[in-house]
Amino acid sequence: MSMTREVSRLGAAKDEEIGMEKLDTPSRDIPIAIIGGGMAGLSCAQRLNELGHECLIIDRGRRIGGRMSSKRITHQREQLWIDQGAPKIDVHSEVLREHAEEWVSKGKARWLTSHELIGEPSMSAILSAMSLGCDALSSAEVYSIRRDDNQFVLTVQQYGEETPFLISADHVVIATPAEQSVRILEQSGLIVPAALRAIQSSTAWMLMLGLSDIDLEQDWIDIQGTDDDPLQEIRLRRQSGGSYAIVAEMKPQLSASLMAEDRQVIQELMLSSCMTALNRRFGTPIASSQCSEPRVHRWGLARPLTQVQAPFLISSELDLRFVGDWLSGPRGEWRNAEAAFLSGLSLADHISNTR
Ligand SMILES: Cc1cc2nc3c(=O)[nH]c(=O)nc-3n(C[C@H](O)[C@H](O)[C@H](O)COP(=O)(O)OP(=O)(O)OC[C@H]3O[C@@H](n4cnc5c(N)ncnc54)[C@H](O)[C@@H]3O)c2cc1C
């Protein structure tokens, strides 16, 4: 089986977006296919590359990054970076700290506190640094997987194209949220491991907007919602031009109950709660002329509510390998972005040791 699609090698980051340098790819087979280019898939790919193993990341997103992607908006002729998923990484393990120090030394991240790391100017800078040199196919959804003799065959649907195509690989790593991994297995007619099926994720509505003509003296401000607020947290981050990027997250239970609600209704609810909280905190009313057009983003799968206590999962049926933030390490000590990072890294070492 051969692959004749155009693959991008993730190149030097331009304006901190994940750069896509087009590669001429002749027909070829893939030694290791990684489904999902979020933190887990990228840490796996980066490590495999370091260890000399060729791999290809396939992601259904227009850009890789998953739940650590950032958005760029223009507000009053200033470009603002907004993290629409994770705004920071809690660093507890020595392994992640070593990588974090490297990102900091390259100007891609900085320490907010002794253990909280943020991307510079946004989280996508970190993922961009991790992805350098990795091969990736974006806007391509893996629909199903089957085994043909000694190879896996992936059915992939590239957005904008009518017919799916096939990619063959010697090994497959599934680096998607647990529920999306279940979906791929079900679409493939494969058995879903019970531990995987048991995972459920929270949901989250996010509000994003820019704020200008205000001097708040701090670069980063966290405002916690009160008990009566619909918002759990509001974060303000000063941008290089002086404006602030604001991201507000709705409380998880309320988000879950409003997942099917109309975007406009959500936007109005979140915006008015956000303005009330900002006025309460800073004491001066904010005029609408200071704010950019607000946007809302719905995360159907935000964070896993439970985890499997293992660094990665291997399905006995087809020898498929799974990584992600829903895996917690052998002692259950990893959480969220750190869990995703360490899970991907552990599996890469395992693959390298067993090949
Ligand atoms: C609003 C929000 C706030 C958060 N805040 C924090 C925080 O403060 N600290 C923290 O540590 N963590 C936080 N998190 C969690 C953190 O973002 C995640 O734990 C981490 O990014 C998960 O990485 P991952 O690689 O496991 O999954 P993802 O980032 O979800 O990556 C999976 C990738 O798989 C792709 N994909 C899915 N299905 C397919 C398919 N069939 N074919 C091809 N591609 C597919 C997706 O497009 C995606 O890019 C937050 C998350 C959200 C949503």
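Pro121 sits in the loop between S9 and H3. In this predicted model, the peptide bond that leads from Glu120 into Pro121 is cis, with omega near 5°. Most peptide bonds are trans, and most residues other than glycine have a negative phi.

**Backbone outliers**

Two residues other than glycine depart from the usual sign of phi. Gln76 has a phi near 45° and belongs to the loop between strand S5 (70–75) and strand S6 (78–83). Asp319 has a phi near 65° and belongs to the loop between strand S19 (313–314) and strand S20 (321–322). Are these residues buried or exposed? Gln76 counts as partly exposed because it has 13 C-beta neighbours inside 10 Å. Asp319, with 11 other C-beta atoms within 10 Å, is exposed. Positive phi values also occur at glycines: Gly133, just after H3, has about 85°, and Gly242, in the turn between S16 and S17, has about 105°.

**Helix H3 and its surroundings**

On the far side of the loop with Pro121 comes helix H3 (residues 123–131). Nine of the nine residues of H3 are buried, so this helix is largely enclosed by the rest of the structure. The buried residues include Met123, Ile126, Leu127 and Met130, and also Ser124, Ser128 and Ser131.

One packing partner of H3 is helix H1 (residues 39–50); the two axes lie 9 Å apart and make an angle of about 30°. H1 is therefore roughly parallel to H3. The crossing of H1 past H3 is left-handed. On the H1 side the contact involves Leu42, Ser43 and Gln46, which meet Leu127, Met130 and Ser131 of H3. By class, this contact has three nonpolar residues, three polar residues and no charged ones. An α-helix has 3.6 residues a turn, so residues three or four places apart point the same way. Leu127, Met130 and Ser131 are the contact residues in H3.

**The three-stranded sheet**

S9 belongs to an open sheet of three strands in the order S7-S9-S8, with antiparallel pairing. Strand S7 (89–90) and strand S8 (109–111) are the edges, each pairing on one side only. Between S8 and strand S9 (residues 116–119) there are three bridges, and the two strands run antiparallel. Ala109 has Gly119 in S9 as its bridge partner. Helix H2 (residues 94–105) packs on this sheet and touches S8 and S9, its direction making about 115° with that of S8. H3 also packs on the sheet, again touching S8 and S9, with its direction at about 85° to that of S9.

**The five-stranded sheet**

Another open sheet has five strands in the order S15-S16-S17-S14-S18, with antiparallel pairing. Its edges are strand S15 (220–224) and strand S18 (295–299), each of which pairs on one side only. Neighbouring strands are turned by 15° against each other on average, direction ignored. Three of the strand pairs are listed below.

| Strand pair | Bridges | Sense | Bridge or opposite residues |
|---|---|---|---|
| S15 and S16 | five | antiparallel | Ile221 with Leu236 in S16 |
| S16 and S17 | seven | antiparallel | Arg238 opposite Tyr244 in S17 |
| S14 and S17 | six | antiparallel | Leu207 with Ala248 in S17 |

S16 and S17 form a hairpin with five residues between them. S17 has S16 as a neighbour on one side and S14 on the other in the order of the sheet.

How many residues of strand S17 (residues 244–250) are buried? Seven of the seven are, so the strand is largely enclosed by the rest of the structure. In a regular strand the side chains alternate between the two faces of the sheet. On one side of S17 are Tyr244, Ile246, Ala248 and Met250, and on the other are Ala245, Val247 and Glu249. Both faces are covered, with the residues of each side all buried. Two of the residues on the first-named side also appear in the pairing: Tyr244 stands opposite Arg238, and Ala248 is the bridge partner of Leu207.

Technical notes
Residues are numbered from 1 along each chain as its sequence is written. This is a predicted model: local features need pLDDT of at least 70, side-chain atom pairs count only at pLDDT 80 or more; totals for chains, interfaces and linings use all residues. Axes are lines fitted to C-alpha atoms, for helices over the stretch in contact, and angles run from 0 to 180 degrees between N-to-C directions. Helices (H or I, at least four residues) and strands (E, at least two) are DSSP runs, numbered from the N terminus. Angles under 35 degrees count as roughly parallel, over 145 as roughly antiparallel, 65 to 115 as roughly perpendicular and the rest as oblique. A crossing is left-handed if the near helix is turned anticlockwise from the far one by less than a right angle, and right-handed if clockwise. Two residues are in contact if their C-beta atoms, placed from the backbone, lie within 7 Å. Ala, Val, Leu, Ile, Met, Phe, Trp, Tyr, Cys and Pro count as nonpolar, Asp, Glu, Lys and Arg as charged, and the others, Gly among them, as polar. A residue is buried if 20 or more other C-beta atoms lie within 10 Å of its own, exposed if 12 or fewer, and partly exposed in between; C-beta atoms are placed from the backbone. Two strands pair if DSSP finds at least two bridges between them.
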